[in-house]
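Let's take a friendly walk through the empty spaces of this protein and the ligand that goes with it. The report below starts with the pockets, turns to the ligand, and ends with the enclosed cavities.

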Amino acid sequence: MQAKTTPLSIDGHNWKEYTLTNNNGLSVSFLDFGGIITSLITPDKNGKFENIVIGFDDYKDYLNNENYFGALIGRVSGRIANSTFTLNGETFQLPANEGAHHLHGGPVGLHSVIWQVELIETATSSGAVLYHTSLDGEAGYPGTVRYKVSYTLTNEDEFIIDYEAFSNKDTILSLTNHSYFNLSGDLKETVLNHEVKMNASQFVELDEELIPTGRLLPVTDTVFDFTNGRKIADGVHSDDPQNKLAGDGYDHFFLFDHNQTDNVIVTEEKSGRVLRVKTNQPAMVMYTANSVDDSLKLKEGQSAKYLGVCLETQSTPASLKYPNFPSITLRANEKYHHTTTFSFSAQ
Ligand code: FUC
């Protein structure tokens, strides 16, 4: 097990990059800026180590990271419709950063703050704890919130992201990570041939502005049915209006049935890589990089539409309007706890 720290000077900003490496040679690198995961190196079926996440070539591009590559997302992941919500009878107005809506914590979300990082090594894992505090009223939200996010790479080839938070007032909170996975290795091809298996029998309908309508749709007989495994290409080539409005792909909130060991299994045949996701969260937004264009310079070359898939385990801000959805309310002094484990193998 090994942890390494590299000081960086990016456009006058002093950042640090940390690399955790396990005994099998897998490694994950991330920044204190936004907790951004810059690379994740795992072996394919032939033992070839390659990067399986999207990351910028020039780190100063993370200062304008419109796609949220690799970043921690909060205070609330997803869209808060019309940038407003009511809690305990009080209405809060948040800054809008996508049309009228508030996306991924707003203009200065957790993706763009400097986290305090402490490296922690044990006999079986290499890890780091990232700390940050958001002040009461900051970014429009009530409550001073203290976060503790742990990144742990184990010798069982698991990468665990564990989020804890406490607020001194009732507030809303829903954290996630916005890594774009691509199991082909070094971004050799898009994720269209990735197969996703997921125990979700319902997903949330979106309107044209990607705001949940409040309707839960059954996946049965649609390209949203991943219960027996399905290629991402199915949703890209689909005529389903839900795929069309998302930019020809998936950008949807899937509710887990929580009836299997893994919530999600992603497989890429050529490399043999398999990614298993297990979470205590009620759901996941699966986003297939429908808005990523070819203008960005990545570590391995130019970006492209569908070059990665985000597996954003979380709850949903739609619950602010529709009480039948999993809540994002965090009561004063109660613990917020989200844990998601990504397990890597090759076959
Ligand atoms: C995802 C999507 C959004 C957005 C963003 C970059 O979470 O839900 O539509 O494009 O990430």
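In this predicted model, the largest pocket has a volume of about 730 Å³. Its lining is made up of 34 residues, and those that lie nearest the centre of the pocket are Tyr68, Arg79, Glu98, Leu103 and His104. Three elements give two or more residues to this lining: β22 (251-256), β25 (283-287) and β28 (309-314). Of these, β22 gives the most, with three residues. Sorted by class, the lining of the largest pocket holds 13 nonpolar, 14 polar and seven charged residues.

What sits in the largest pocket? The ligand does. Around the ligand you will find Asn67, Tyr68, Arg79, His104, His178, Tyr180, Leu210, Asp251, Tyr287 and Glu312. By class, this shell divides into four nonpolar, three polar and three charged residues. Tyr68, Arg79 and His104 are worth picking out on your screen: they are among the residues that surround the ligand, and they are also among those nearest the centre of the largest pocket.

Some side chains of the shell come within polar contact distance of the ligand, where the cut-off is 3.5 Å between N or O atoms. Here are three such pairs, each between an oxygen atom of the ligand and an N or O atom in a side chain.

| Side chain | Distance to a ligand oxygen atom |
|---|---|
| Arg79 | 2.7 Å |
| His178 | 2.7 Å |
| Asp251 | 2.4 Å |

How much of the ligand does the protein bury? Taken alone, the ligand exposes 290 Å², and the protein buries 92% of that.

Now to the second largest pocket, which has a volume of about 190 Å³. It is lined by 14 residues, and Ala81, Thr84, Pro317, Leu320 and Lys321 are the closest to its centre. Two elements give two or more residues to the lining here, namely β7 (79-80) and β8 (84-87). The most comes from β8, with three residues. The class count for this lining is nine nonpolar, three polar and two charged residues.

Beyond the pockets, there are enclosed spaces to look at. How many cavities of 30 Å³ or more does the structure hold? There are three. The largest cavity contains about 80 Å³ of space. Its lining consists of Gly74, Arg75, Gly105, Val108, Gly109, Leu110, Val113, His132, Ser134, Glu138, Ala139 and Tyr141. By class, that lining has five nonpolar, five polar and two charged residues.

The second largest cavity has a volume of about 40 Å³. The residues that line it are Tyr163, Thr176, Asn177, Ser179, Phe181, Leu311, Thr313 and Phe342. Two elements, β16 (176-177) and β28, each give two or more residues to this lining. You have met β28 already, as one of the elements that contribute to the lining of the largest pocket. The lining of the second largest cavity has four nonpolar and four polar residues, and no charged residues.

To bring the ligand site back into view: the ligand sits in the largest pocket, and Arg79, one of the residues around the ligand, has a side-chain N or O atom 2.7 Å from a ligand oxygen atom. For Asp251, the corresponding distance is 2.4 Å.

Notes: Residues are numbered from 1 along each chain as its sequence is written. This is a predicted model: local features need pLDDT of at least 70, side-chain atom pairs count only at pLDDT 80 or more; totals for chains, interfaces and linings use all residues. Side-chain values use heavy atoms; hydrogens and water are left out. A residue is near a molecule or strand if one of its heavy atoms lies within 4 Å of it. A polar contact is a pair of N or O atoms within 3.5 Å; within protein, one must be able to donate a hydrogen and the other to accept it, and residues adjacent in sequence count only if both atoms are side-chain atoms. Accessible areas come from the Shrake-Rupley method with a 1.4 Å probe; for residues, only the protein chains shown count as cover. On a 1 Å grid over the protein atoms alone, a cavity is a set of points where a 1.4 Å probe fits but cannot get out, and a pocket is an open set with protein on both sides within 12 Å along at least five of seven lines; lining residues have an atom within 4 Å of a point. A molecule sits in a cavity or pocket if more than half of its atoms lie within 2 Å of its grid points. Ala, Val, Leu, Ile, Met, Phe, Trp, Tyr, Cys and Pro count as nonpolar, Asp, Glu, Lys and Arg as charged, and the others, Gly among them, as polar. Grid points are joined across faces, edges and corners, and a volume is the space filled by probe spheres set on the points. Helices (H or I, at least four residues) and strands (E, at least two) are DSSP runs, numbered from the N terminus.
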